[in-house]
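Student: I'd like to learn how to read aromatic rings in a protein model. Can you walk me through it?

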Amino acid sequence: MQLYKTAKTCRSCKSTNLTELIHFGNTPLSDRLLKNPPVNGEEVKVPLTLVLCKECSLVQITEEVDPVELFQRDYPYYSSVSKSLMAHFKKSAEDIIESKQLDESNFVVEAASNDGYMLQHFHNNGVKVLGVDPAEGPAGVAEVKGIPTIVDFFGAELAETIVDEHGKADVVLGNNVLAHVPDLNGFVKGIKTLLKDDGVAVIEAPYLLDLIDHCEFDTIYHQHLCYFSVTALQDLFNRHGLYLNDVKHQTIHGGTLRMFIETFKNPSDNLLVYTAKEKELNVHSPECYEAFVKRVNTLKDELIQTLTQLKSEGKKIVGYGAAAKANTLMSYFGINSDHLDYIADLSQYKQGLYFSGNHLPIVPPDKLLEDQPDYALILAWNFSNEIMKQQSEFKSKGGKFIVPIPEVKIV
């Protein structure tokens, strides 16, 4: 496959009835951290264009980067780094174990299982588990935890292989992966193939209306091909004989839906509330997204003005969180070494590397206390409370935090 290709049809329903919502220009690839800044200043950049399918309401980007480039080349994301993320999925696992009364007779499969962050809780309760993840680094960490992991991309063909070798699954998990999948229909077909008739797929994905309401534009990057409404999800699952029967809203990642998908139709009252709201907002229409696009550009002006003013006063500013979302924010806003000195990050897998695009060095959080900058711009704003708690000593010594989304706020 070439580095990227541009989709002309909807990733879900294959309609050509697409309309552009916002173009972010040519951006570096998120999570493509650099061992050294490029000598000539050049690196891979790909257009980033958000569109709406007016047929099934799926919001998506048109560019599709080779998944090997995105997920199999020194992929630096390890779920277990975040304590709040770990607590979130531990509770989710415990709820599933209790509701389905799982024991050693049951089988749980997770697509995009990363470092075993969630499957370990099933494994520790004696449940048979299997992970699937294309990134060798995180998959290797999972194996050390005792989580058998297939290093591959989940899809229809692999699901058939799993069924042949292990049988069908009582539970299929997929957290923050559905948006990453180029072949949505193949992925969902794989769930249908793998799931027992009385089984359940529990999937989490960021919710489109949260993205719009909270101006979470920086969650739009090349790994995230799609941005889901309940309306678009129903269309996708129904096409493959699966039914989205319930959703539970989660605050993590700025607003996420935990979805419960089964092989039979049994919609909850809560689900009907979501579908009614989306019908009222008319999520099929470009007009639904006009205010969001205006807010993105207003936010751009406000943040740059804030950083420029602080720098003119001689203040030292650094970034915190070399997250994938920081790539879109800094690239589209033009944030670079004129604004920030470096980026601190808790992950040892990112420390010592350089951020894409602006080539800012990534350092351990301890450097904040060594340097005591005046401000830290929280780029991983979805974990802002966790970060501010971790760095309470920095704040007690006079340091301040800048939270950029949903509005510029200095804490």
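Tutor: Sure, and keep in mind that this model is predicted. Let's start with a charge and a ring: the charged end of Lys300 sits over the ring of Tyr332, 4.6 Å from its centre.

Student: Which ring does the charged end of Lys325 sit over?

Tutor: That one is Trp381, with the charged end of Lys325 5.2 Å from the ring centre.

Student: What about two rings together? How is a pair of aromatic rings described?

Tutor: By the distance of the centres and the angle of the planes. Searching the whole structure turns up 8 aromatic pairs. One of them is Phe24 with Phe217, at 6.3 Å centre to centre and 20 degrees between the planes, which makes it stacked.

Student: Where do Phe24 and Phe217 lie?

Tutor: Phe24 is in strand β2 (residues 18–28), while Phe217 is in the loop between α7 (208–213) and β11 (226–227), so the pair ties together parts 193 residues apart in sequence.

Student: Are those rings buried or exposed?

Tutor: Phe24 has 4% relative accessibility and counts as buried. Phe217 is buried too, at 0%.

Student: How about Phe89 and Tyr117: what are the distance and angle there?

Tutor: Their ring centres are 5.1 Å apart and the planes sit at 75 degrees, so this pair is edge-to-face. Phe89 belongs to helix α2 (residues 83–100) and Tyr117 to the loop between β6 (107–111) and α3 (119–123), 28 residues apart. Phe89 is buried at 1% relative accessibility, and Tyr117 is buried at 2%.

Student: Which residues form a cluster with Phe24?

Tutor: Phe217, Tyr332 and Phe333 join Phe24 in one aromatic cluster. You've met Tyr332 already, under the charged end of Lys300.

Conventions: Residues are numbered from 1 along each chain as its sequence is written. This is a predicted model: local features need pLDDT of at least 70, side-chain atom pairs count only at pLDDT 80 or more; totals for chains, interfaces and linings use all residues. Side-chain values use heavy atoms; hydrogens and water are left out. Rings of Phe, Tyr and Trp (its six-membered ring) pair if their centres lie within 6.5 Å; planes under 30 degrees apart count as stacked, over 60 as edge-to-face and the rest as tilted. Helices (H or I, at least four residues) and strands (E, at least two) are DSSP runs, numbered from the N terminus. Buried means under 20% relative accessible area, exposed over 50%, partly exposed in between (1.4 Å probe, protein chains only). A charge sits over a ring if NZ of Lys or CZ of Arg is within 6 Å of the ring centre and within 35 degrees of the ring normal.
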